[in-house]
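Welcome! Here is a short guided look at how the strands and helices of this protein fit together. Keep the structure in view as you read.

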Amino acid sequence: MIYVIGIGPGGKEYMTLEAIEAIKNSDVIVGYKTYINLIEDMISDKEVVQNGMRKEIDRCKMAVEIAKEGKDVAVVSSGDSGIYGMAGLILELVVKEDDDIKVKVVPGVTASIAAASVLGAPIMHDFCHISLSDLLTPWEVIEKRLRLAAEADFVVCLYNPRSKGRSEHLARAFEIMGEFKDGSTPVGIVKDAGREGEEKYICTFDTMNFEIVDMTTMVIVGNKSTFIDKDMMITPRGYTV
Ligand code: SAH
C-alpha cells in the first residue's frame, strides 16, 4: 500500500487524523527533507527515505519499488498531496505497473486554505490556484492563466510566488493581472501559514511589496467585492447584511 499524505501547512494541529493514522500504519516514510523534519517525532521507529528538492521522480519511483516488496509506504507532501504535491506522480507511475499496488490519497489542509484562515475570509467565493513556478509549466501558459483568471474576477491564490531564481515572476504576474484588477484590490500575504514564525500582511494591489514574499509565502489577490476591515480580508459570499 502507498499512502500519499498531505501533512498540512506544518503545525501538528492541522494534520488530519487520517494522515496521523496512515503514518502510524506505514513501515517506510518517503519525502523531501523539510517535510520529514516537520513530522520527525512521529516517525522515530520508521525507516526513512529522504532526498532533496527536484528529486521527485526518483523519490516516487523508490516508493513504488518499496510497495512492490509488500511494505506499507507513506509519501509525504506538505499541505495537500493532490495540490502541487506527489499524488499525481505516484498515480501516474502506479498505473504503468503490472503490479496491483494500492494507493490511498490522504488529503491535507493546503496552503491557500491555511493562509485564508489567517487573513479572515478572502476565498469565500470562486477562486483559483496558480503556481508561478515555470519548472514544469511553460511561462506563457502561466501568463495566460493569470490574465484570464483576473479577467474572470476570480480570487487568485499564488503558489510558488517568488524564489531567488525567479524573483521577477511575481511583479510580472501583478503587471498582467493589473489589466483587470483595480489598484485598490485587497491582497493578503501569509508567510509560513500554520507553522512556526507565521507572518501576515494585508495591503492593496497598488501598494504590494514584492520583497517580503518568498517561497514559503502564499499571496491571495481578492476579487472586485473583496474588502479590508479590522485587519481582515473579506470576500462577501453575496448575503445581504
Ligand atoms: N502541496 C502544497 C503546495 C506545494 S507548492 C500545499 O498543498 O500547500 C509550494 C508552495 O506552497 C510554496 O511556494 C508556498 O507558496 C506554498 N506554501 C506551502 N506551505 C506554506 C505555508 N505554510 N505558508 C504559506 N505558503 C505555503
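## The five-strand sheet

In this predicted model, five strands make an open sheet with mixed pairing, in the order E7-E8-E11-E9-E10. If you look for its edges, you will find E7 and strand E10 (199–204), each of which pairs on one side only. On average, and with direction ignored, neighbouring strands of this sheet are turned by 20° against each other.

Two of the pairings show what "mixed" looks like here. Strand E7 (residues 127–131) and strand E8 (residues 155–159) run parallel and are joined by five bridges, with His129 standing opposite Cys157 in E8. To get from E7 to E8, the chain passes through helix H6 (residues 139–151), and this β-α-β crossover is right-handed. By contrast, strand E9 (residues 186–191) pairs with strand E11 (residues 217–221) in the antiparallel sense, over five bridges. A spot to look at in this pairing is Val190, whose bridge partner in E11 is Met218.

## Helices lying across the sheet

Which strands does H6 lie across? They are E7 and E8, and H6 runs at about 160° to E7. Helix H7 (residues 169–177) also belongs in this part of the picture: H7 lies across E8, E9 and E11, running at about 165° to E8.

## Where H6 meets H7

These two helices also pack against each other. The axes of H6 and H7 are 8 Å apart, at an angle of about 40°; H6 and H7 are therefore oblique to each other. Their crossing is right-handed.

If you would like to find the contact by eye, start on the H6 side with Trp139, Glu143, Leu146, Arg147 and Ala150, which meet His169, Arg172, Ala173, Ile176 and Met177 in H7. Sorted by class, the residues of this contact of H6 with H7 are six nonpolar, one polar and three charged.

## A second helix pair

Now move to an earlier stretch of the chain, with helix H3 (residues 56–68) and helix H4 (residues 87–96). How do their axes cross? The axes of H3 and H4 come within 10 Å and cross at roughly 55°, which makes H3 oblique to H4. H3 passes H4 in a right-handed crossing.

From H3, the contact takes in Glu56, Ile57, Cys60, Lys61, Ala63 and Val64, while H4 brings Leu89, Ile90, Leu93 and Val94. How many residues of each class are in the contact of H3 with H4? There are eight nonpolar and two charged residues, and no polar ones.

## A three-strand sheet

One more sheet is worth a visit. Three strands form an open sheet in the order E6-E13-E12, and the pairing is mixed. Strand E6 (120–121) and strand E12 (227–229) are the edge strands, each pairing on one side only.

Strand E13 (residues 232–234) pairs with E6 in the parallel sense, over two bridges. To locate this pairing, look for Gly120: its bridge partner in E13 is Met233.

Conventions: Residues numbered from 1 in each chain as written. Predicted model: local features only at pLDDT ≥ 70, side-chain atom pairs only at ≥ 80, totals over all residues. Heavy atoms only, no water. Pairing = 2+ DSSP bridges. Helix = DSSP H or I, 4+ residues; strand = E, 2+ residues; numbered from the N terminus. Right-handed = clockwise from strand over helix to strand, strands pointing away. Axes fitted to C-alpha atoms, helices over the stretch in contact; angles between N-to-C directions. Parallel < 35°, antiparallel > 145°, perpendicular 65-115°, else oblique. Left-handed = near helix turned anticlockwise from the far one by under 90°. Contact = heavy atoms within 4.5 Å. Nonpolar A, V, L, I, M, F, W, Y, C, P; charged D, E, K, R; others polar.
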